[in-house]
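Visitor: I'd like a close look at just one part of this model, the nonpolar core, and then at whatever helps to place it. Please walk me through it.

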Amino acid sequence: MAVLSIRIIGDPILRTPAARVTDFGPELSKLITDMEETMINVQGAGLAAPQVGIGLQVFTYRIDGFEGHVVNPVLEVGQEQQEDGDVEGCLSVPGLGNFLARSQWARVRGQDRHGNPLEIEGTGMLARCLQHETDHLRGKLYIDRLEGEEKREAMRAIRSAGFNSVTQQTALQRARSLGSSFSRAEQPGAAAFAPTGARRKPRP
């Protein structure tokens, strides 16, 4: 197992749609294990393969006692929106957090590391996590979903010298805690959410 370097905004892989997984061999299993270890290390609720520089449709999640991974996820969402927009953040965009509306319910159908079908569904923060991680696999960051002044402020912050300082501090912090696992040019990143209720539904 290994803790992986996590890419930050500006890296092209974060804007590139991930490829469908067709090989369910030991390399995929190792990637998932390394992603799970990395996600735990950065105390994230989810981590997508493009965030660790791998352009494959894979993400891991860990929220409210429910944890696992999904390969080749297909997302469904309900029409009802979460009543209050929670602050959503992403360590691929370190130092920022914004209120963002998400669907109250979401479900993903996909496969496990062995190619077996699975299904995960939930509400609240699990639903937010499933939507956030699936966005990563489409080459989309949460800031792309912001609107109006919220989006303008986020983009101004990203362009500011202060944001560059935050990314540098993040790199140094990760380098100190993980040694050579992270370089100064790369940043850790994972979706960060406060866990709430969740339900996992295995698919037969």
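**A close look at the core**

Guide: The largest nonpolar core has 18 residues, and F59, Y61, V70, V108, I120, L126 and L130 are those with the most contacts inside it. By nonpolar core I mean buried Ala, Val, Leu, Ile, Met, Phe, Trp, Tyr and Cys residues joined through side-chain atoms within 4.5 Å; buried is under 20% relative accessible area, exposed over 50%, partly exposed in between, with a 1.4 Å probe and protein chains only. Keep in mind that this is a predicted model, where local features need pLDDT of at least 70 and side-chain atom pairs pLDDT 80 or more, while totals for chains, interfaces and linings use all residues. Numbering starts from 1 along each chain as its sequence is written, and side-chain values use heavy atoms, without hydrogens or water.

So who builds this core? At least two residues each come from β2 (58-63), β3 (66-77), β6 (105-111), β7 (117-123) and α2 (124-137). The top supplier is α2, with six residues. There's also a second, separate core of 14 residues, with M39, V42, V52 and V58 among them.

To place those elements, the protein has four helices and nine strands (DSSP runs numbered from the N terminus: H or I of at least four residues, E of at least two). Along the sequence they run α-β-β-β-β-β-β-β-α-α-α-β-β. Of the 204 residues, 49% are buried. Take contacts (heavy atoms within 4.5 Å) between residues at least 6 apart in sequence: 70% of them join residues at least 24 apart.

Two core suppliers, β3 and α2, turn up again as the elements giving two or more residues to the lining of the largest pocket. That lining consists of L75, V77, Q81, A101, R102, S103, Q131, D135, R138 and R145. A pocket here is an open set of points on a 1 Å grid over the protein atoms alone, where a 1.4 Å probe fits, with protein on both sides within 12 Å along at least five of seven lines; lining residues have an atom within 4 Å of a point.

One last oddity in β3: N72 sits in that strand and has a positive phi of about 55° although it is not a glycine. N72 is buried, at 2% relative accessible area. Q43 also has a positive phi, near 60°, but lies in the loop between α1 (26-41) and β1 (46-48) and is exposed, at 68%.
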